[in-house]
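Me: I have a structure open and would like to go through it in short questions. Can we start with how the parts sit together?

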Amino acid sequence: MSLDPRPYSRGELLYQGKAKQVYATHDPARIIIHYTDGATAFNGIKKADIADKGVINCRISAFFMEKVAAAGVPVAFERNLDDRDQLCLKVDIIPVEVVVRNVVAGGLAKKLGLPEGQVLSAPLVEHFYKSDSLNDPQINESTAVVLGWAKAWELRAMHEHALRVNSVLKAFWSELNIDLVDFKLEFGRVTVGTATAVVLADEITPDGSRLWERGTGRKLDKDVFRRDLGDLSDTYRELYTRVFGKAV
Ligand code: 5GP
């Protein structure tokens, strides 16, 4: 999609999220995602500001979006405009969150009474209905199709893209001696003329991933905040240094 030559800056606030805001731009085909330092857990019950989290997540997400795009996954991300602002294609968000799991943890452990840490025999792909008021309940693909939230071909594309993202991320973290336990993705539709494509939207950050240090099992993700395991700002700074080889 061609770039509008005028410089991009934040326009009207379209969406106020927990850790991000979404702004319109002068170009109807593009939005700006602004990363804040806000952190919430348990559907907004627990809240805090985490120093530099917005900058760290903005850079980490851009880094991974470029990596998965290079591996053939279509992404809404285009480029970072500054430390906290990211230019993306405007998409119609599909209200079905995709979680990929390599190891049992969190919701899966709780739901099935399994021990956290059990390695799965293959990546497990789960679906959740994106609804804050309902606490994102788990659904299956049939529910999504019958209720008109996504078409069957779109779910197939999401599944394929999610597994490819998993391969790329898992290999990357593994090089750093970190196990990618699970993560959540969101997808959106982009329509050009009569053609619609499903693209990866939102973010790839430690807010929406579980990352365990190999050997020690130390958590290097937002569970540090959710479970009161330490200082999340220090954890994210450490993760940033491991990814980029220099301090934030
Ligand atoms: P679980 O279902 O075990 O709570 O979460 C699975 C994975 O998806 C975890 O990596 C978690 O961080 C991510 N995840 C699921 N729902 C959300 C959400 O609403 N927000 C964020 N940031 N991550 C989520």
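Me: How many Å separate the centres of domain 1 and domain 2?
Reply: The centres, taken over C-alpha atoms, are 17 Å apart. Keep in mind that this is a predicted model.

Me: And which residues belong to which domain?
Reply: Domain 1 covers 13-89 and domain 2 covers 92-231.

Me: How many residues does each domain put into the contact?
Reply: Domain 1 puts in 30 residues and domain 2 puts in 24 residues.

Me: What area do the two domains bury between them?
Reply: About 2300 Å² is buried between domain 1 and domain 2, and 65% of it is on carbon and sulfur atoms.

Me: Which residues of domain 1 lose the most area to domain 2?
Reply: Those are Lys46, Phe64 and Pro74. Together they account for 22% of what the domain 1 side buries.

Me: OK, charges now. How many salt bridges are there between domain 1 and domain 2?
Reply: The count is five.

Me: Lys46 came up a moment ago. What does its side chain meet in a salt bridge?
Reply: The side chain of Lys46 meets that of Asp228, at 2.7 Å from N to O.

Me: And how many residue pairs are in polar contact across the interface?
Reply: Between domain 1 and domain 2 there are 14 such pairs, counting those with both residues at pLDDT 80 or more.

Me: Which elements make up the domain 1 side of that interface?
Reply: β3 (30-35), β4, β5 (46-49) and α1 each supply at least two residues of the side that touches domain 2. α1 gives the most to that side, with nine residues.

Me: Different topic: the inside. How many residues are in the largest nonpolar core?
Reply: The largest nonpolar core has 47 residues. Val165, Trp173, Leu200 and Ile204 have the most contacts inside it.

Me: Which elements feed it?
Reply: Several supply at least two residues each, including α1 (53-70), β9 (96-103), α4 (152-175) and β12 (178-192). α4 gives the most to this core, with nine residues.

Me: Why does this core lie between the domains?
Reply: Domain 1 and domain 2 both give residues to this core, so it lies between them.

Me: Back to Val165. What does it touch?
Reply: Leaving out residues up to four places away in sequence, Val165 touches Val68, Val73, Phe183, Leu185, Leu200 and Ile204.

Me: What other core lies apart from the largest one?
Reply: Another core, of eleven residues, lies apart from it. Among its residues are Ile31, Tyr35, Cys58 and Val199.

Methods
Residues are numbered from 1 along each chain as its sequence is written. This is a predicted model: local features need pLDDT of at least 70, side-chain atom pairs count only at pLDDT 80 or more; totals for chains, interfaces and linings use all residues. Side-chain values use heavy atoms; hydrogens and water are left out. A nonpolar core is a set of buried Ala, Val, Leu, Ile, Met, Phe, Trp, Tyr and Cys residues joined through side-chain atoms within 4.5 Å. Buried means under 20% relative accessible area, exposed over 50%, partly exposed in between (1.4 Å probe, protein chains only). Helices (H or I, at least four residues) and strands (E, at least two) are DSSP runs, numbered from the N terminus. Domain bounds come from an automatic or database domain assignment. Contact means heavy atoms within 4.5 Å. Buried area is the accessible area (1.4 Å probe) that two parts lose on being put together, summed over both. A salt bridge is a side-chain nitrogen of Lys or Arg within 4 Å of a carboxyl oxygen of Asp or Glu. A polar contact is a pair of N or O atoms within 3.5 Å; within protein, one must be able to donate a hydrogen and the other to accept it, and residues adjacent in sequence count only if both atoms are side-chain atoms.
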